[in-house]
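Student: I would like a close look at a single part of this structure. Could you walk me through it slowly?

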Amino acid sequence: MSLLWLRFALGCYFIGLVYAFVALSRTSDLFSRIAFHAASMGMVFHFVSLTELFLSGHIVWASVHNGESLLAFLSMAFFMVIYAIYQTTSPGVVVFPVVFFLTFVAAVDQQPVLLTQFVSHKGWLIAHIVLIFTGYAALVLSFGASLIYLVQERRLKSKKPTSLISFLPALEVIDQIGYRSLLLGFPFMTLGLLTGSVVAMTTYGRVDFLDPKILLSVLMWAVYMVMVFTRWNSGWRGRRAAFLATFTVVAALAAWAANYFSGMHRFGAS
Amino acid sequence: MRFQLIGLNHKSAPLEVRERLAIPESRLPDTCRDLTAFPGIEEGMVISTCNRVEVVTHTTNGHADLRGFLHDHFHLKAEDLDPHLYEFRDKDAVRHLFRVAASLDSMVVGEAQILGQVKEAYATARAVGAVRGQLDQLFSRAFAVAKRVRTETAVGSSSVSIASVAVELAKKIFGTLQGKNVFIIGAGKMSELAARHLMAHGCASIFVANRTYERAIGLAQKFDGQAIKFEDLYSTCDKADIVITSTGAPHAIFRREHGEQFLARRKNRPMFFIDIAVPRDVAPEMAKLDGIFAYDIDDLQQAVTSHVADRRKEAERAEAIIASEVEKFEARISTLDVVPTIVSLQDHLETIRQAEIDRVRGRMGQLSPEQEIAIEALTRGIINKVMHTPITTLKSAAKESEATTVVDVVRRLFNLQVKAKESSEEAAVKKDEVGTRR
């Protein structure tokens, strides 16, 4: 049943996805409202799906299926928070496709699950997953904001009359969204990695830093830190910030992909 | 009517060409003097703004070589300049000038600054004696027409001026203008207006720098702002989020290295440069930096194009006003052309009348008051009756093309001497008298 709700949610997110593509070429207030309501509806279905899964007692926290569903939900939650503060749907241009993709993967059944049967401290594991995913969601948003920043910056620099009627928020607002997401995500990411280390320590008695998953995660965290630092210290934004954000996202994706070949943190047959 | 106008504007010439023709305020009087000294030109004045340079003249024969004047004065080759020039004569020149003053030819149709700029140019030319009779008439009318357009149409309302476009752009960069600082460089009218708009939208404080420190203080006081010495410009400029620059400097005052310094000190927070100076104050190289947004006068034009479309309707009404005003003016000016002839005709006949009365007095001796009155009434009546048809004919001929011929015939018939350069101002006064004497 939970899967059915998730597929309903997917249908709603699809409208968001179409919006994201249309918004790249033209502005439509009506469509942005439709997309926003569809996305809100999708979130409701998504929430029902997650709740039902949780109440059924069959939840496997560390499965790719559930993990991605949770990450998609958290990303949407971030999107809604930003909407509440800034009244803009433009981060949707990046957030909607990501959420759609994650939900799509989650809505296809028969996913491999992580090899977590040896984990003794389930509480740490849940904390690890939720924290890391919140960090990821913030990262996705920050990445989205930095891309939108580039688009808006280019529009303003091109000096075309359309730059005045562009649907994108003001440059500084986009910048704030990106920076706040970045700041918010960093502690989650850090704590997520720390709890992950605790899980590894309690399960394996050690943290193998040469393990591809851990190596890539640490790399991602380091770039994340560099991003926060350069932004705080010298106000890097625009192209340089987008470059760093892209790098961090690539590192995060690589760290995710490492689940398939890591010794300590990998998928197995359910 | 022998008006001739030559010029170029934002539509006919790119900024690079306009930059080469821009005349600083301080050199305007000399240019006007040079203009009136040029062969074939009786009166002349120059309008030089960021968007246009126009030479308006009243010539001796309607065929003055204004292109030659521009080539000589600006030391430019004909092939560089001529493709960008437009030239109007007589009625077309009047219409063009009316359209300029009424802000129908402006980059931002309906913006109010242009009228002020034309008025200043007129005052300057008048002060050096370059504008006297005919141009005086033309410009007085142009100002009245501009006022009429402004009050009778909505062209100037909710003005999409450069200033308000600048505010919109600033909002696209900064979101809210609350707490933002503004720096004005060069205390010009236009930058003052832009600053006023920005302050009205919540900008926090204002800095003013000008080559003449006293002017900076004057302007700063208006906004409760802070005057900055010009030499401290580069060390303080980074405090401002929005910089409005309009100096008369011949070269860019902000170069790439300045932009880099500002951004480093501002931790890369963006800066918005509104460069309304011609030649430009912000080097194109600096505008390429991430975080520097520089809009010059042509960019602002692009940004307002869409707004201009909304006003087309009002502009059409304004054009109709202009068309009728041009007709009226033409008729008036043509009448003025025959006024000197009418006046001398009246003077001539009056002289004859007085001479004849004196002759009668000599023959008849002392006249009684009653007789004096009767003779006075009789002679004046005869003259008025005789004069009636020629004057009416002259006035109606003035509106047609054969005016010159009729005037010529009348002058020859009565052997009239009309001062060649009698000012139209005097003529206008006398014209009223012509009406009352009869």
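Student: What should the 37 residues of helix α5 of chain A span at 1.5 Å a residue, and how far apart are its end C-alpha atoms?

Tutor: Happy to help! Keep in mind that this is a predicted model. Helix α5 of chain A covers residues 122-158. At 1.5 Å a residue, its 37 residues should span 54 Å, and the end C-alpha atoms are 54 Å apart, so the two values agree. Just after α5(A) comes Lys159(A), which has a positive phi, near 60°.

Now look at a neighbour, α4(A). The axes of α4(A) and α5(A) come within 8 Å and cross at roughly 140°. Because of that angle, α4(A) counts as oblique to α5(A). Their crossing is right-handed. On the α4(A) side, the residues that meet α5(A) are Val93(A), Val94(A), Val95(A) and Val98(A). Their partners in α5(A) are Val140(A), Leu141(A), Phe143(A), Gly144(A), Leu147(A) and Ile148(A). By class, this contact has nine nonpolar residues, one polar and no charged.

What about the surroundings of α4(A)? Of its 16 residues, 12 are buried, so this helix is largely enclosed by the rest of the structure. Among the buried ones are Val93(A), Val94(A), Val95(A) and Val98(A), the four that meet α5(A).

Finally, α5(A) also has a part in the contact between the chains, which takes 17 residues from chain A and 20 residues from chain B. On the chain A side, α5, α6, α7 and α9 each supply at least two residues. The largest share, three residues, comes from α7(A). That side of chain A has seven nonpolar, four polar and six charged residues.

Definitions and conventions:
Residues are numbered from 1 along each chain as its sequence is written. Chains are lettered from A and ligands numbered from 1 in the order in which they are written. This is a predicted model: local features need pLDDT of at least 70, side-chain atom pairs count only at pLDDT 80 or more; totals for chains, interfaces and linings use all residues. A residue is buried if 20 or more other C-beta atoms lie within 10 Å of its own, exposed if 12 or fewer, and partly exposed in between; C-beta atoms are placed from the backbone. The expected span of a helix is 1.5 Å times one less than its number of residues. Two residues are in contact if their C-beta atoms, placed from the backbone, lie within 7 Å. Ala, Val, Leu, Ile, Met, Phe, Trp, Tyr, Cys and Pro count as nonpolar, Asp, Glu, Lys and Arg as charged, and the others, Gly among them, as polar. Axes are lines fitted to C-alpha atoms, for helices over the stretch in contact, and angles run from 0 to 180 degrees between N-to-C directions. Angles under 35 degrees count as roughly parallel, over 145 as roughly antiparallel, 65 to 115 as roughly perpendicular and the rest as oblique. A crossing is left-handed if the near helix is turned anticlockwise from the far one by less than a right angle, and right-handed if clockwise.
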